[in-house]
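Student: Could you take me through one part of this protein slowly, and explain how that part sits against its surroundings?

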Amino acid sequence: MDDLTSCSLSYVASILGGKWKPFIVWYLSMAPGKRARYSELRKRIPYDISHKMFSQHLSELEQVGIIERVVVEVKPLRVDYLLTTKGVSFANVLYFIRDWGAAYGGFSAETLQRTKGRMGDGMLVYGDDGDEAERGSVERITWQFDPSTFDVCGGSCEGDAREE
(Lines give C-alpha, C1' and ligand atoms only; values in the text may rest on other atoms or scores of the structure.)
Protein backbone atom coordinates (compact mmCIF):
# COMPACT_ATOMS: atom_id res chain seq x y z
CA MET A 1 0.00 0.00 0.00
CA ASP A 2 1.39 3.39 -0.95
CA ASP A 3 -0.07 5.67 1.68
CA LEU A 4 1.66 8.59 3.36
CA THR A 5 2.91 6.51 6.27
CA SER A 6 4.66 3.89 4.16
CA CYS A 7 5.90 5.72 1.09
CA SER A 8 8.98 7.63 0.11
CA LEU A 9 7.19 10.89 0.87
CA SER A 10 7.42 9.99 4.56
CA TYR A 11 11.18 9.64 4.18
CA VAL A 12 11.45 13.09 2.58
CA ALA A 13 9.16 14.59 5.22
CA SER A 14 11.39 13.19 7.95
CA ILE A 15 14.35 15.02 6.42
CA LEU A 16 12.39 18.24 5.90
CA GLY A 17 10.89 17.88 9.36
CA GLY A 18 12.42 20.23 11.85
CA LYS A 19 12.22 23.95 11.43
CA TRP A 20 15.87 24.51 10.53
CA LYS A 21 16.93 21.49 8.45
CA PRO A 22 16.03 22.99 5.05
CA PHE A 23 17.88 26.20 5.97
CA ILE A 24 20.95 24.28 7.09
CA VAL A 25 21.07 22.35 3.81
CA TRP A 26 20.31 25.48 1.76
CA TYR A 27 23.03 27.64 3.30
CA LEU A 28 25.56 24.82 3.36
CA SER A 29 24.91 24.34 -0.37
CA MET A 30 25.83 28.01 -0.86
CA ALA A 31 29.08 27.77 1.12
CA PRO A 32 32.40 27.54 -0.74
CA GLY A 33 33.05 23.87 -1.46
CA LYS A 34 29.68 23.11 0.15
CA ARG A 35 31.61 23.02 3.42
CA ALA A 36 31.56 25.28 6.49
CA ARG A 37 32.52 25.36 10.13
CA TYR A 38 29.75 25.19 12.70
CA SER A 39 30.02 28.89 13.56
CA GLU A 40 30.30 29.98 9.90
CA LEU A 41 27.22 28.01 8.94
CA ARG A 42 25.23 29.29 11.91
CA LYS A 43 26.13 32.89 10.98
CA ARG A 44 25.09 32.35 7.34
CA ILE A 45 21.55 31.43 8.39
CA PRO A 46 19.74 34.73 9.01
CA TYR A 47 17.60 33.43 11.86
CA ASP A 48 18.16 33.11 15.59
CA ILE A 49 18.63 29.38 16.14
CA SER A 50 19.58 28.06 19.55
CA HIS A 51 22.82 26.09 19.74
CA LYS A 52 20.86 23.11 21.02
CA MET A 53 18.45 23.03 18.05
CA PHE A 54 21.20 23.76 15.54
CA SER A 55 23.36 20.93 16.88
CA GLN A 56 20.41 18.55 17.00
CA HIS A 57 19.45 19.25 13.38
CA LEU A 58 23.07 18.90 12.23
CA SER A 59 23.24 15.54 13.99
CA GLU A 60 19.96 14.34 12.42
CA LEU A 61 21.09 15.42 8.95
CA GLU A 62 24.36 13.57 9.50
CA GLN A 63 22.50 10.42 10.58
CA VAL A 64 20.57 10.29 7.28
CA GLY A 65 23.66 11.02 5.18
CA ILE A 66 22.80 14.55 4.03
CA ILE A 67 25.84 16.10 5.67
CA GLU A 68 29.17 14.80 6.86
CA ARG A 69 30.90 15.96 10.03
CA VAL A 70 34.63 16.33 9.35
CA VAL A 71 37.15 16.77 12.17
CA VAL A 72 40.03 18.89 10.89
CA GLU A 73 43.19 18.02 12.78
CA VAL A 74 44.77 21.41 13.21
CA LYS A 75 45.55 23.13 16.47
CA PRO A 76 43.06 23.87 17.83
CA LEU A 77 40.89 21.10 16.43
CA ARG A 78 37.93 22.26 14.41
CA VAL A 79 34.84 20.62 12.98
CA ASP A 80 33.55 21.31 9.48
CA TYR A 81 30.25 20.23 7.99
CA LEU A 82 30.22 19.07 4.39
CA LEU A 83 27.24 18.49 2.13
CA THR A 84 27.43 14.92 0.82
CA THR A 85 26.45 13.86 -2.69
CA LYS A 86 23.08 12.89 -1.28
CA GLY A 87 22.91 16.31 0.38
CA VAL A 88 23.68 18.14 -2.87
CA SER A 89 20.86 16.19 -4.50
CA PHE A 90 18.55 17.18 -1.64
CA ALA A 91 19.61 20.83 -2.01
CA ASN A 92 18.49 20.63 -5.63
CA VAL A 93 15.05 19.59 -4.39
CA LEU A 94 15.07 22.67 -2.17
CA TYR A 95 15.87 24.87 -5.19
CA PHE A 96 12.79 23.47 -6.88
CA ILE A 97 10.66 24.08 -3.77
CA ARG A 98 12.06 27.62 -3.54
CA ASP A 99 11.09 28.30 -7.17
CA TRP A 100 7.60 26.98 -6.57
CA GLY A 101 7.29 29.33 -3.60
CA ALA A 102 8.53 32.25 -5.71
CA ALA A 103 5.96 31.59 -8.44
CA TYR A 104 2.99 30.96 -6.16
CA GLY A 105 3.88 32.80 -2.96
CA GLY A 106 3.67 36.35 -4.22
CA PHE A 107 7.41 37.02 -4.30
CA SER A 108 9.16 39.29 -6.78
CA ALA A 109 10.03 38.31 -10.33
CA GLU A 110 13.69 38.73 -9.38
CA THR A 111 13.34 35.82 -6.96
CA LEU A 112 12.12 33.51 -9.71
CA GLN A 113 14.81 34.71 -12.13
CA ARG A 114 17.43 33.12 -9.85
CA THR A 115 15.99 29.71 -10.71
CA LYS A 116 18.10 26.74 -11.74
CA GLY A 117 15.51 26.03 -14.45
CA ARG A 118 14.82 27.76 -17.76
CA MET A 119 12.05 30.32 -17.96
CA GLY A 120 9.49 30.27 -20.72
CA ASP A 121 6.08 31.83 -21.22
CA GLY A 122 4.45 30.91 -17.92
CA MET A 123 6.60 27.83 -17.68
CA LEU A 124 9.66 26.71 -15.77
CA VAL A 125 11.61 23.75 -17.15
CA TYR A 126 14.26 21.71 -15.37
CA GLY A 127 16.38 19.24 -17.26
CA ASP A 128 18.04 19.12 -20.64
CA ASP A 129 16.33 19.99 -23.90
CA GLY A 130 19.04 18.25 -25.95
CA ASP A 131 19.33 14.81 -27.47
CA GLU A 132 19.59 13.02 -24.13
CA ALA A 133 16.20 14.35 -23.02
CA GLU A 134 14.68 13.08 -26.25
CA ARG A 135 16.17 9.63 -25.68
CA GLY A 136 14.69 9.66 -22.18
CA SER A 137 17.99 9.34 -20.29
CA VAL A 138 17.60 12.73 -18.57
CA GLU A 139 14.58 13.49 -16.44
CA ARG A 140 12.78 16.65 -17.44
CA ILE A 141 10.44 18.46 -15.08
CA THR A 142 8.08 21.16 -16.30
CA TRP A 143 5.55 23.16 -14.34
CA GLN A 144 3.41 26.12 -15.19
CA PHE A 145 2.46 29.24 -13.29
CA ASP A 146 0.45 32.37 -14.00
CA PRO A 147 2.91 34.85 -15.53
CA SER A 148 0.41 37.68 -15.11
CA THR A 149 1.11 37.71 -11.37
CA PHE A 150 4.43 39.44 -12.06
CA ASP A 151 6.86 40.29 -14.83
CA VAL A 152 8.82 37.03 -14.75
CA CYS A 153 11.33 38.06 -17.40
CA GLY A 154 11.97 41.51 -15.97
CA GLY A 155 11.64 42.86 -19.50
CA SER A 156 14.43 40.73 -20.98
CA CYS A 157 13.94 36.98 -21.13
CA GLU A 158 17.15 35.35 -22.24
CA GLY A 159 16.08 31.79 -21.57
CA ASP A 160 19.20 30.99 -19.55
CA ALA A 161 19.00 29.91 -15.96
CA ARG A 162 20.85 32.06 -13.49
CA GLU A 163 23.15 30.40 -11.00
CA GLU A 164 23.01 31.52 -7.42
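**Helix 2, its neighbours and the salt bridges**

Tutor: Let us begin with a residue that will return later on: Arg98 is buried, with a relative accessible area of 16%, and a residue counts as buried when that value is under 20%. The model in front of you is a predicted one, which is worth keeping in mind as you read. The partner of Arg98 is Asp99, and the side chains of these two residues meet in a salt bridge in which N and O are 2.7 Å apart. Asp99 also counts as buried, because its relative accessibility is 0%.

Salt bridges that share partners also occur in this structure, and they join Arg35, Arg78 and Asp80 into one network. Within that network, Arg35 forms a salt bridge with Asp80, and the closest N and O atoms of the pair are 2.9 Å apart. Arg35 belongs to strand 1 (residues 35-37) whereas Asp80 belongs to strand 3 (residues 78-83), so this pair ties together parts that are 45 residues apart in sequence. Asp80 forms a salt bridge with Arg78 as well, with 3.0 Å between the closest N and O atoms. If you compare how these residues are covered, you will find that Asp80 is buried, at 4% relative accessibility, while Arg35 is partly exposed at 33% and Arg78 is partly exposed at 27%. In total, the structure holds 4 salt bridges. As a general point, side chains of opposite charge can pair when their charged atoms come close.

With that in place, we can turn to helix 2, which spans residues 21-30 and packs with helix 4, residues 51-63. Two packed helices are described by the angle between their axes and the distance between the axes. For helix 2 and helix 4 the angle is about 75° and the axes are 10 Å apart, and angles of 65 to 115 degrees count as roughly perpendicular, so helix 2 and helix 4 are roughly perpendicular to each other. On the side of helix 2, the residues that meet helix 4 are Lys21, Ile24 and Val25, and on the side of helix 4 they are Phe54, His57, Leu58, Glu60 and Leu61. Sorted by type, the residues of this contact comprise 5 nonpolar, 1 polar and 2 charged.

Helix 2 also packs with helix 5 (residues 85-104), where the two axes come within 9 Å and cross at roughly 105°. That angle makes helix 2 roughly perpendicular to helix 5. Helix 2 contributes Pro22, Val25, Trp26, Ser29 and Met30 to this contact, and helix 5 contributes Gly87, Phe90, Ala91, Leu94, Tyr95 and Arg98, so that we come back to the residue with which we began. The residues of the contact between helix 2 and helix 5 divide into 8 nonpolar, 2 polar and 1 charged. Val25 of helix 2 appears in the contact with helix 4 and again in the contact with helix 5.

Finally, we can place this part within the whole chain, whose secondary structure comes to 7 helices and 6 strands. Along the sequence these follow the pattern α-α-β-α-α-β-β-α-α-β-β-α-β. Of the 164 residues in the protein chain, 32% are buried, and the chain exposes about 10200 Å², of which carbon and sulfur atoms supply 53%.

Key
Residues are numbered from 1 along each chain as its sequence is written. This is a predicted model: local features need pLDDT of at least 70, side-chain atom pairs count only at pLDDT 80 or more; totals for chains, interfaces and linings use all residues. Side-chain values use heavy atoms; hydrogens and water are left out. Axes are lines fitted to C-alpha atoms, for helices over the stretch in contact, and angles run from 0 to 180 degrees between N-to-C directions. Helices (H or I, at least four residues) and strands (E, at least two) are DSSP runs, numbered from the N terminus. Angles under 35 degrees count as roughly parallel, over 145 as roughly antiparallel, 65 to 115 as roughly perpendicular and the rest as oblique. Contact means heavy atoms within 4.5 Å. Ala, Val, Leu, Ile, Met, Phe, Trp, Tyr, Cys and Pro count as nonpolar, Asp, Glu, Lys and Arg as charged, and the others, Gly among them, as polar. Buried means under 20% relative accessible area, exposed over 50%, partly exposed in between (1.4 Å probe, protein chains only). Accessible areas come from the Shrake-Rupley method with a 1.4 Å probe; for residues, only the protein chains shown count as cover.
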